[in-house]
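Thanks for coming, everyone. Please bring up the sequence and the model on your screens, and we'll walk through a few places together.

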Amino acid sequence: MKLKTIVEKQGRICKITFNEPKNLNALSAAALNEFHEILSDLEQDDQIGVVIWTGQGKAFIAGADISYMRTMTPQEAAAYAKYTTDLYRRMEEMGKVFIAAVNGFALGGGCEFALACDIRISSSKAKFGLPEVSLGILPGGGGTQRLARLVGQGKARELIFTGELIGAEEAKRIGLVNQVVELENLEEATMELANKILKNSLSAVRYSKESIVTGQELDLPTAITLEKELFALCFATEDQKEGMSAFVEKRKPNYK
Ligand code: CO8
C-alpha cells in the first residue's frame, strides 16, 4: 500500500502524485523507499510508456528532508545521497519518458528530481532553485552536474552559488523548463504532451532516449557510433516495419 503517493495508471500513462503537502513533499527516507518501489513496478510494466510525476499542494518537492539530514554523519550523508541519486539514475536509464509536471516549489533535491526527468512542464506559480549552500551543503542529488548540462555552466554556477530561487518564466528562459502554463491547465498540458509522445513508436522513443542519455556521457565519435547501432536495432522492430509501411500506404501507423 502506498502511503506517500497516489499512483494512477491509465492506458499507457502512469501519473504519480507525491502526497505529503503538509511537509511540502520533502523527500523523507520513507518517500524515497516508496519511489524506488514504484520504479521497480514500472520497470516490469511494458504497458506504460510515459510516467508523470507531480506534487499535491504548493510544492512539487521542497527538497530533501532537512530535519532528517540535520544530524547525519558524513557516512550517512553519502548513503542518503547514493539512495537519492540511484533513484534519479533509474529514471534516466528506464526506457520510458518521465515528465515532471511541476506544480509548485521544486527546490534542492526536488529541483534535482525534475532535472532527472526527460521533460519539465511548469505551473506559472512554481519556483525553482538549489538553495543548498544556504544550509551549508552542496546540491548532492546530481544538481552540480545536471543543471549545468541543461542551462550551461554560467547560469548553473550563479544559481548554485547564490542559492536564489527563480520563477517559472525565468526557468523557461534559461531552458530549465520546456513549457509554462497556468496551474489549472497543468494536468491538461501534461496529458497533451504525453499523448503526442504516445502516438509514436515507443521502441523508437526508447532507443532515442538511450542514445541521448548514454551519448551525452561519451565523446562525440563514440556517441555517434552508439546512435548508429541503436538506429540499426530499430530495423529489427515491428514498429519500423509498421511505421514505414503506413507512410507508403498513406495511412496512420498502428503501433503495438
Ligand atoms: N525539509 C523538511 N521540511 C520541510 C522542507 C524540507 N526541505 N521544506 C518545507 N518543510 C516543512 C516546513 O518545515 C514546514 O513544516 P512545519 O509546518 O512543521 O513547520 C512545512 O514544510 C511548511 O513549510 P513552510 O512553513 O516553510 O512554508 P512556506 O510557504 O513559508 O515556505 C519554502 C516555503 C520557501 C519552500 C520553505 O519551506 C523552504 O525554504 N523550505 C526548504 C527548502 C530547501 O532549502 N530545500 C533544499 C533542502 S536541501 C536538499 O534538498 C539537498 C538535496 C541533496 C540531494 C539529496 C541527497 C541527500
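**A buried aspartate and its surroundings**

Let's start with Asp-239, which counts as buried, at 12% relative accessibility. A word of caution: this is a predicted model. Asp-239 sits in helix H11, residues 238-248.

Which residues does Asp-239 touch, not counting those up to four places away in sequence? They are Ser-201, Leu-202, Ser-203, Tyr-255 and Lys-256.

Two of these contacts deserve a closer look. The side chains of Asp-239 and Ser-201 are joined by a polar contact of 2.8 Å. The side chain of Asp-239 also makes a polar contact with the side chain of Ser-203, at 3.2 Å.

Now turn to Ser-201. Look for Ser-201 in the loop between helix H8 (186-198) and helix H9 (202-215). Is Ser-201 buried or exposed? Ser-201 counts as buried, at 8% relative accessibility. Leaving out residues up to four places away in sequence, Ser-201 touches Asp-239 and Tyr-255. Tyr-255 is also among the residues that Asp-239 touches.

One more distance here. Val-205 is 34 residues from Asp-239 along the chain, and their C-alpha atoms are 11 Å apart.

**Strand S5 and its partners**

Next, strand S5, residues 97-102. Six of its six residues are buried. Take the two faces in turn. On one side are Val-97, Ile-99 and Ala-101, and on the other Phe-98, Ala-100 and Val-102. Both faces are covered. As general background, side chains in a regular strand alternate between the two faces of the sheet.

Which strands pair with S5? Strand S3, residues 50-55, is joined to S5 by five bridges, and the two run parallel. Within that pairing, Trp-53 has Ala-100 in S5 as its bridge partner. Strand S7, residues 119-123, also pairs with S5 in the parallel sense, over four bridges. There, Ala-101 stands opposite Ile-121 in S7.

**The nonpolar cores**

Keep Trp-53 in view. The largest nonpolar core has 48 residues, and Trp-53 and Phe-113 touch the most other members. Which element gives this core its largest share? Helix H1, residues 29-44, does, with six residues.

What surrounds Trp-53, leaving aside neighbours within four places in sequence? Its contacts include Ile-16, Phe-35, Leu-39, Phe-60 and Met-91. From S5, Phe-98, Ile-99, Ala-100 and Ala-101 are in contact with Trp-53. Phe-113 and Cys-117 are on the list too.

Apart from that core lies another one, of 16 residues. Among them are Val-97, Leu-186, Ile-197 and Leu-198. In general, nonpolar side chains in soluble globular proteins tend to be buried together.

**An open sheet**

On to a sheet of four strands. In what order do the strands run? The order is S4-S6-S8-S9; the sheet is open and the pairing is mixed. Strand S4 (59-61) and strand S9 (166-167) stand at the edges. Each has a single partner strand, so one side of each is left without a neighbour in the sheet.

Look at the S4 edge. S4 and strand S6, residues 105-107, run parallel and are joined by two bridges. Ile-61 has Ala-106 in S6 as its bridge partner.

**The ligand**

Now the ligand. How many residues surround the ligand? There are 25, and the closest are Lys-58, Ala-62, Ala-64, Ile-66 and Gly-109.

Three of these offer backbone atoms. A polar backbone atom of Ala-62 is 2.9 Å from a nitrogen atom of the ligand. For Ala-64, a backbone N or O atom lies 2.7 Å from an oxygen atom of the ligand. For Ile-66, a backbone N or O atom is 2.9 Å from a ligand nitrogen atom.

**The cysteines**

Last stop. How many disulfides does the structure hold? Zero. Cys-14 is in no disulfide, and the nearest cysteine sulfur, in Cys-117, is 12 Å away. Cys-14 is buried, with a relative accessible area of 0%.

Why is Cys-117 without a bond to Cys-111? Cys-111 holds the closest cysteine sulfur to that of Cys-117, but the distance is 11 Å, too far for a bond. Cys-117 is buried too, at 4% relative accessible area. Recall that Cys-117 is also in contact with Trp-53.

That's the tour. Over to you.

Note on methods:
Residues are numbered from 1 along each chain as its sequence is written. This is a predicted model: local features need pLDDT of at least 70, side-chain atom pairs count only at pLDDT 80 or more; totals for chains, interfaces and linings use all residues. Side-chain values use heavy atoms; hydrogens and water are left out. A disulfide is a pair of cysteine sulfur atoms within 2.5 Å. Buried means under 20% relative accessible area, exposed over 50%, partly exposed in between (1.4 Å probe, protein chains only). Two strands pair if DSSP finds at least two bridges between them. A nonpolar core is a set of buried Ala, Val, Leu, Ile, Met, Phe, Trp, Tyr and Cys residues joined through side-chain atoms within 4.5 Å. Contact means heavy atoms within 4.5 Å. A residue is near a molecule or strand if one of its heavy atoms lies within 4 Å of it. A polar contact is a pair of N or O atoms within 3.5 Å; within protein, one must be able to donate a hydrogen and the other to accept it, and residues adjacent in sequence count only if both atoms are side-chain atoms.
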